[in-house]
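I open this notebook page to record what I looked up in the structure, entry by entry.

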Amino acid sequence: MATYEELMEKDEQYFAEAGRISYYSLLIDHADQATLVDIKGKEYIDLLSSASATNTGHSPKKVTDAIKNQADKMLHYTPAYMYHEPAIKLAEKLCEITPGDFEKKATFGLSGSDACDGVMKYARAYTGRSNIVTFQNAYHGSTYGALSMSALNNNMRAKMGPNVPNVEHIPFPDNYRGMYGKAQPNSIEEYLAPFKQMMETYLPSEEIACVVVETIQGDGGLLEPVPGYFKALYELCHEHGILFAVDDVQQGLGRTGTWCSTEHFNVEADLVVYGKSLASGMPLSAIVGRKEIMDSLEAPAHIFTTAANPVCCAASLATLDMIEEDNLLQESTRKGEIAQERMQKWENDYAFIGDVRGFGLSIGIDIVTDKKTQNKG
């Protein structure tokens with residue numbers, strides 16, 4: 001068996017740098033539930049949940065059994081041309097659990113990135129409008145549409161332009177810090193002002209197809225919105241015929257204690273994107289949307305040969321069953337309240353803890369150098 005040093009040397013030699021943010025040189029051998037074990041046998045508690053891709057824990061038996069059973073039956077036949085039961089059942093299940101008192105349909109991809117690209121396609125097709133509005137500090141993925149909607153890190157976009165055109169960004173309604181370096185958060189109206197000004201001065205509302213939202217900005221720092229903002233934004237969008245889409249790749253499927261994070265904000269999105277934990281980390285994404293929107297495109301406008309792979313769909317169905325059977329939505333809420341209650345005491349005990357925030361087990365701790373100015377550490 002290769003040593004840690006030998007494997008890390010090979011990684012440096014062969015793995016392209018752009019494909020990993022190297023936080024820590026943890027070389028994982030195996031994982032079980034919330035425990036990671038590295039190649040030397042040292043154990044770690046996984047508070048990252050593989051970037052929120054393992055909401056039911058690592059290698060849960062119900063999921064691995066479903067994978068093995070489906071793999072023995074059929075590894076793959078593309079739903080781009082034919083049909084299989086796991087994909088049909090999963091589409092039905094996702095339409096059932098996604099909020100919204102209206103008819104829905106679902107389609108599948110391989111990652112949250114391609115699903116965000118799909119939102120752009122569907123929104124433009126349905127509305128006949130070309131412009132997409134998303135947020136500063138947003139992360140929607142690494143395919144061209146998704147990275148064009150992202151505004152988090154220069155390295156995501158440097159050297160790769162031009163990006164997908166007609167994408168604009170507005171300030172996220174941060175409930176801890178305000179706009180443009182202000183220490184205190186702004187009001188709902190102040191946060192809405194840049195969007196309204198945009199529509200009044202250079203981007204007519206009748207040319208905006210969709211606003212794409214992370215209700216809680218994950219990679220941006222687990223930022224919570226000012227209470228009431230998304231409800232106000234949702235109503236403003238619908239007033240102008242603009243679709244309201246939610247990227248729930250990181251925050252969905254129990255991470256915040258609900259199936260969909262929109263349930264915390266009293267809105268019913270026109271389009272919702274799922275990924276990461278949808279199949280317990282197996283490559284699968286989904287877009288769930290209003291039937292009339294999802295019917296606005298015809299094949300092959302959003303087809304992927306290996307999307308809705310039956311093994312991944314079986315893993316997803318088992319994952320969703322686990323969330324229901326083990327009451328994991330309720331457990332995420334309960335455990336999140338316990339964790340936040342303990343962590344919030346740290347704000348008084350430690351000068352470098354600026355803020356503790358979150359919903360369910362999606363919890364962020366803000367590290368600062370100065371609590372008054374809220375300067376980041």
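Before sorting any pocket lining by residue class, I note that Ala, Val, Leu, Ile, Met, Phe, Trp, Tyr, Cys and Pro count as nonpolar, that Asp, Glu, Lys and Arg count as charged, and that the others, Gly among them, count as polar. I also note that this is a predicted model.

Entry on the second largest pocket. I looked up the volume and found that about 710 Å³ of space lies in the second largest pocket. The lining is made up of 26 residues, and I wrote down Pro79, Ala106, Thr107, His302 and Ile303 as the closest to the centre of this pocket. By class, the residues of this lining divide into 20 nonpolar, three polar and three charged. Which element gives the most to the lining? I found that β4 does, with four residues, and that α4 (85–97) and β4 (104–109) each supply at least two residues.

Entry on the cis peptide bonds. I keep in mind that most peptide bonds are trans. I looked at the bond from Gly161 to Pro162, which is cis with omega near 5 degrees, and I placed Pro162 in the loop between α7 (154–157) and β6 (167–170). I then looked at the bond from Ala299 to Pro300, which is likewise cis, with omega near 5 degrees; Pro300 is found in the loop between α10 (291–294) and α11 (310–325).

Entry on positive phi values. Most residues other than glycine have a negative phi. I therefore marked Ser50, whose phi is near 50 degrees, and I found Ser50 in helix α2, which covers residues 49–52. Ser52 also has a positive phi, of about 65 degrees, although it is not a glycine, and the place of Ser52 is in helix α2 as well.

Are these two serines buried or exposed, or something in between? For Ser50 the relative accessible area is 39%, and because partly exposed covers the range between 20% and 50%, I recorded Ser50 as partly exposed. For Ser52 the relative accessible area is 9%, and since buried means under 20%, I recorded Ser52 as buried.

Entry on the domains. I looked up the domain assignment of the protein chain, which gives domain 1 (1–46) and domain 2 (64–326). For the centres of domain 1 and domain 2, taken over C-alpha atoms, I noted a separation of 30 Å.

Methods: Residues are numbered from 1 along each chain as its sequence is written. This is a predicted model: local features need pLDDT of at least 70, side-chain atom pairs count only at pLDDT 80 or more; totals for chains, interfaces and linings use all residues. Side-chain values use heavy atoms; hydrogens and water are left out. Buried means under 20% relative accessible area, exposed over 50%, partly exposed in between (1.4 Å probe, protein chains only). On a 1 Å grid over the protein atoms alone, a cavity is a set of points where a 1.4 Å probe fits but cannot get out, and a pocket is an open set with protein on both sides within 12 Å along at least five of seven lines; lining residues have an atom within 4 Å of a point. Grid points are joined across faces, edges and corners, and a volume is the space filled by probe spheres set on the points. Domain bounds come from an automatic or database domain assignment.
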